[in-house]
Amino acid sequence: GADRLDRGPASQRRILPGAGAPPYVDFVACGARTGCTVGTYCDSQRVQTVPPLSVAISPANPAVCAGQNPTLSASISGGLPPYSYVWSTGDTTFAITAGTGTYTVLVTDATNCAGVVDTVTVPTQPAATSNAGANTSVCGGSNFTLSGSITNANSSYWTTTGTGSFNDSTLLAATYTPSVADVTAGNVNLVLTAVGSCGPVKDTM
């Protein structure tokens, strides 16, 4: 038959490429021919280097607002496709729909090396609250100092159904000056809007 170098049942070895490793390494083995043929015969084997597999759940800091369910996805780098996913929910897809709780994903690839894991906790995002204050009466032509309050909000602002003006509509203790039309109408609504992570909330006095 044809001359060749028989590698035989050599033991398998795992090769961990270091930083900056080439995409592959060619290993060459040579041996002397036996029998009537003289000289040497060489054979080679190419070993592919695969970057380490890693996974990160995205988004990294999710939160749930009332009536919402965020989508969690497994962002993968390195490894060798195809990838397999197993979530703590039992799902085996790239992404899942989540609620409040802690979620873990295990990812493996075609190298049959140990899988990698990432975990994320999805908290409940509290809704903003707004309190414009109690309804009140003022004398015609008088200014009125407000005393609103908010919680779980990043910012707030006042608006009016009338045509008067605020000295600064972003202050909780803003001063409202009624217009002549407000005084003639006899009443006006002042609205405090609180802007939170889960959207705006309004209260009216």
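Buried, as the word is used here, means a relative accessible area under 20%. Ser 156 comes in at 9%, so this residue counts as buried. That value, like everything else in this passage, comes from a predicted model.

Where does Ser 156 lie? The residue is part of strand β12. Setting aside neighbours within four places in sequence, the contacts of Ser 156 take in Ile 150, along with Ser 169, Thr 170 and Leu 172. Leu 192, Thr 193 and Ala 194 are also in contact with Ser 156. The numbering of that last group ties in with the sheet, since strand β15 covers residues 190–196 and pairs with β12.

The sheet itself is worth a closer look. β12, β15 and β16 make up an open, antiparallel sheet, and they are arranged in the order β12-β15-β16. At its edges are β12 (155–160) and β16 (199–204), each of which pairs on one side only. On average, neighbouring strands here are turned by 25° against each other, with direction ignored. Between β12 and β15 there are six bridges, in the antiparallel sense. Within that pairing, Thr 159 has Val 191 of β15 as its bridge partner. As for what holds such an arrangement together, strands of a sheet pair through backbone hydrogen bonds, in either a parallel or an antiparallel way.

Another open sheet is built from three strands too, in the order β3-β4-β6, again with antiparallel pairing. Its edges are taken by β3 (54–58) and β6 (95–97); each has a single partner strand, so one side of each is left without a neighbour in the sheet. The average turn between neighbouring strands is 20° in this case, direction ignored. β4, spanning residues 71–77, pairs with β6 over three bridges in the antiparallel sense. One of the residues involved is Leu 72, whose bridge partner in β6 is Ile 96.

The backbone has a few quirks, and the loops next to these strands are a good place to find them. Going from Ser 58 to Pro 59, the peptide bond is cis, with omega near 0°. Pro 59 sits in the loop that links β3 and β4. A second cis bond runs from Pro 81 to Pro 82, with omega near 0° as well. Pro 82 belongs to the loop between β4 and β5 (84–87).

Positive phi values turn up at two asparagines. For Asn 112, phi is near 65°, a positive value in a residue other than glycine. This residue is in the loop between β7 (101–108) and β8 (116–122). Its relative accessibility is 69%, so Asn 112 counts as exposed, the cut-off being over 50%. Asn 152 has a phi near 55°, also positive and also in a residue other than glycine. Its loop runs between β11 (149–151) and β12. With 43% relative accessibility, Asn 152 falls in the partly exposed class.

That leaves the empty space. Rolling a probe the size of a water molecule over the atoms reveals where such space remains. The second largest pocket holds about 420 Å³. Its lining is made of 17 residues, and those nearest the centre are Thr 136, Val 138, Gly 186, Asn 187 and Val 188. How does the lining break down by class? Nine of the residues are nonpolar, seven are polar and one is charged.

Technical notes
Residues numbered from 1 in each chain as written. Predicted model: local features only at pLDDT ≥ 70, side-chain atom pairs only at ≥ 80, totals over all residues. Heavy atoms only, no water. Pairing = 2+ DSSP bridges. Helix = DSSP H or I, 4+ residues; strand = E, 2+ residues; numbered from the N terminus. Axes fitted to C-alpha atoms, helices over the stretch in contact; angles between N-to-C directions. Buried < 20%, exposed > 50% of the residue type's maximum accessible area, 1.4 Å probe, protein only. Contact = heavy atoms within 4.5 Å. 1 Å grid on protein atoms, 1.4 Å probe; cavity = no way out; pocket = protein on both sides within 12 Å on 5 of 7 lines; lining within 4 Å. Points joined across faces, edges and corners; volume = space filled by probe spheres on them. Nonpolar A, V, L, I, M, F, W, Y, C, P; charged D, E, K, R; others polar.
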